[in-house]
Amino acid sequence: MTGHLRSWPIVLALSVASAPLVLMYVYLFVDTVTNAPPGSFVPNEFTLEHWSFLWHTPRGRPSIWRVTLNSLLFATSTAALVVVISSMAGYVLSRLNVPARGFFLAGVMVLHAFPAITLIVAIFLVLQVVGLYNTLIGVILVKAAIDMPLGIWLMKGFYDTVPWEIEMAGIQDGASRFTVWRKLVLPQVKPGIFALALFAFLLGWGEFILPQVLAPGGDVQVLSVYLASLIADDNNFDMALFKSVGLFYMAPVLILFFFFQGHLMNIYGGGTKG
Amino acid sequence: MRILLDKFSKSFGDVRVIEDMTLEVNDGEMLALLGPSGCGKSTTLFAICGIHKVSGGRIFFGERDMTDVPSQERNVGVVFQSYALYPHMTVAENIAFPLRIRKLPEAEVKRQMEEMARLVHIEELLGRRPAELSGGQQQRVALARALVRRPNVLLLDEPLANLDAKLRLEMRSEIRRIQLETGITAILVTHDQVEAMSMCDRIAIMNAGRIIQIATPQEMYRNPRTAFVAGFLGNPPIAFLDAVARDGWLAVEDADIRLPVPPGTRTPPDGTPVVLGIRPETLGREGDAPIRGRVTFVETQGRENLYDITLANGSVLRSIQRVSDDVSLNDEVEWRVRSDQIFVFSQNGERL
């Protein structure tokens, strides 16, 4: 018991230090389902009016469900693109003796470190020219391309841990290189693929700047842009609505983390071995 | 199927690993490629199965030139040192994989897979995954997977290196039994002379990228072509002793030893320095030439004792004898050598 006694000052200090954070989260939730009299922090009535955006679309705004669908489409499509392409590119960079392999590896590394935001003007112009400005496809392609270096590097790390002999055995058993990859190697990096898919989905779900700049229109808005437009609207300023939408936006992320945090850890467990 | 390597060469970049090697493996024969690490034996193996492209020369399976045929079409069964089983598949799926790749009908796949599982005695393990098997069982699965498509040749890359001593003994005879039962041509790569001698019909001993000698295990043991071969075969190993030719005898002058030239050996001219190879079993209580020395090491092996005896000039010879209690450490002994069974090598290691 002495151990517990000795640690209580630390526990107290940490509690005090983190109390503001906890309070913020508590109020984020409490404020969405209550009203408080002006000037007071203590709520005096329970209400669902702040959640009315779910069943009633305010004038001049897109429907929340339309926006949520856009967000889902955006996040799943970028995740799918990133996973499919990185799982192939990572294999090639890990195993095949392609020309300029070192250049590609270094290039991927540089792109990973490159702040994508500096490209935004150029990307904007390119999308304008090819006619993908203000479309979901356009912004999905851009987001996938920006996430790709991380994905490729990560998958290469996972492939590097698969023993060569398994591939040699597959070749000797008569399988083509593609079959070897699909049937023998890919199952070995399943944890990596799962982790990358989750990671890319979360990155897509949380992305704000790219959709804001490249796809701001009402039909293609995603949740983050919708949320930002709420706070930017000076005429109907509604803090409680903003918090409710924020909570709504956050919920899928919390759920994913809750169920799959073990898989996300894989990124650090398996991916760094490369 | 007969395998022929014709003037086969392999280099990696500027490093020449193997040069102009010619090797023929007869149909149904099991041949060992024996040699120390880095002698090119695994390189040879990987060239035969097509993982490495050859830099020169040709490879024939039977009459067919396989030099430029891709691995997938060579139909070579390989058992890797790590077994390389597919971890996400069950034993049954592992064995059936080569058949499924060939798109055989499912009933046929099942029949052949089960037949092969019976041959290697793993019928009751078919539903397990590789991680749930012991080393010996994994080895059996790897053998079954390599053999199930009836390959032209079976290649074994240090197949016993990952097993413990007892299993190694068991798998040694098992691999040989399966090879004889299927009548397949097999090449075993190993650095362990006991494996090579006990499992194979012939041994090709390699050093630094070339084959030094090809012979049956017994012939190679009795009649090594070079000091390297003599030193590689036999456990406990042969001991070497510097000597000179003197008046038709072989003399170790500073140790007061005179040995007659063994029959079949060319008598070197007077004063030629030579190297004598004396196996531990040829030095003991019986023989014709006396050797005096001091016992500096005794190792009990149960049925036999292994002695090191140090001669007057500091050289060490080994002797293996039936266990007896009359010799102990630091005793001065006078033992005898069967001089007709010693080997005489020139200074560069060639047998005289």
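Begin by selecting Val22(A), which in this predicted model is partly exposed, with a relative accessible area of 48%. If you then show the secondary structure of chain A, you will find Val22(A) in helix H1, which covers residues 2–33. Add Leu21(A), Met24(A), Tyr25(A) and Val26(A) to the selection and switch on the surface, and together with Val22(A) these residues make a nonpolar patch of about 510 Å².

Staying in chain A, go next to helix H4, residues 120–130, and pick out Ile123(A) within it. Ile123(A) has a relative accessible area of 16% and is therefore buried, since the cut-off for that class is under 20%. Leaving aside residues up to four places away in sequence, Ile123(A) touches Val142(A) and Leu214(A). A distance drawn from the C-alpha of Ile123(A) to that of Gly138(A) comes to 9.8 Å, for two residues that are 15 apart in sequence.

Now turn to the interior. In soluble globular proteins, nonpolar side chains tend to be buried together. The largest nonpolar core here has 86 residues, and those with the most contacts inside it include Tyr159(A) and Val189(A) as well as Leu23(B), Leu33(B) and Phe61(B). Apart from this core lies another, of 49 residues, among them Val79(B), Val120(B), Leu188(B) and Phe232(B).

For a closer view, centre on Leu23(B), whose contacts, again without residues up to four places away in sequence, are Ile3(B), Leu4(B), Leu5(B), Leu31(B), Leu33(B), Ala204(B), Ile211(B) and Ile214(B).

Finally, colour chain B by its two domains, taking 3–224 as domain 1 and 239–346 as domain 2; their C-alpha centres lie 40 Å apart.

How values were computed: Residues are numbered from 1 along each chain as its sequence is written. Chains are lettered from A and ligands numbered from 1 in the order in which they are written. This is a predicted model: local features need pLDDT of at least 70, side-chain atom pairs count only at pLDDT 80 or more; totals for chains, interfaces and linings use all residues. Side-chain values use heavy atoms; hydrogens and water are left out. Domain bounds come from an automatic or database domain assignment. Patches are made of residues with over 30% relative accessible area and no salt bridge: like charges are joined within 9 Å, nonpolar side chains (Val, Leu, Ile, Met, Phe, Trp, Tyr) within 5 Å. Accessible areas come from the Shrake-Rupley method with a 1.4 Å probe; for residues, only the protein chains shown count as cover. A salt bridge is a side-chain nitrogen of Lys or Arg within 4 Å of a carboxyl oxygen of Asp or Glu. Helices (H or I, at least four residues) and strands (E, at least two) are DSSP runs, numbered from the N terminus. Buried means under 20% relative accessible area, exposed over 50%, partly exposed in between (1.4 Å probe, protein chains only). Contact means heavy atoms within 4.5 Å. A nonpolar core is a set of buried Ala, Val, Leu, Ile, Met, Phe, Trp, Tyr and Cys residues joined through side-chain atoms within 4.5 Å.
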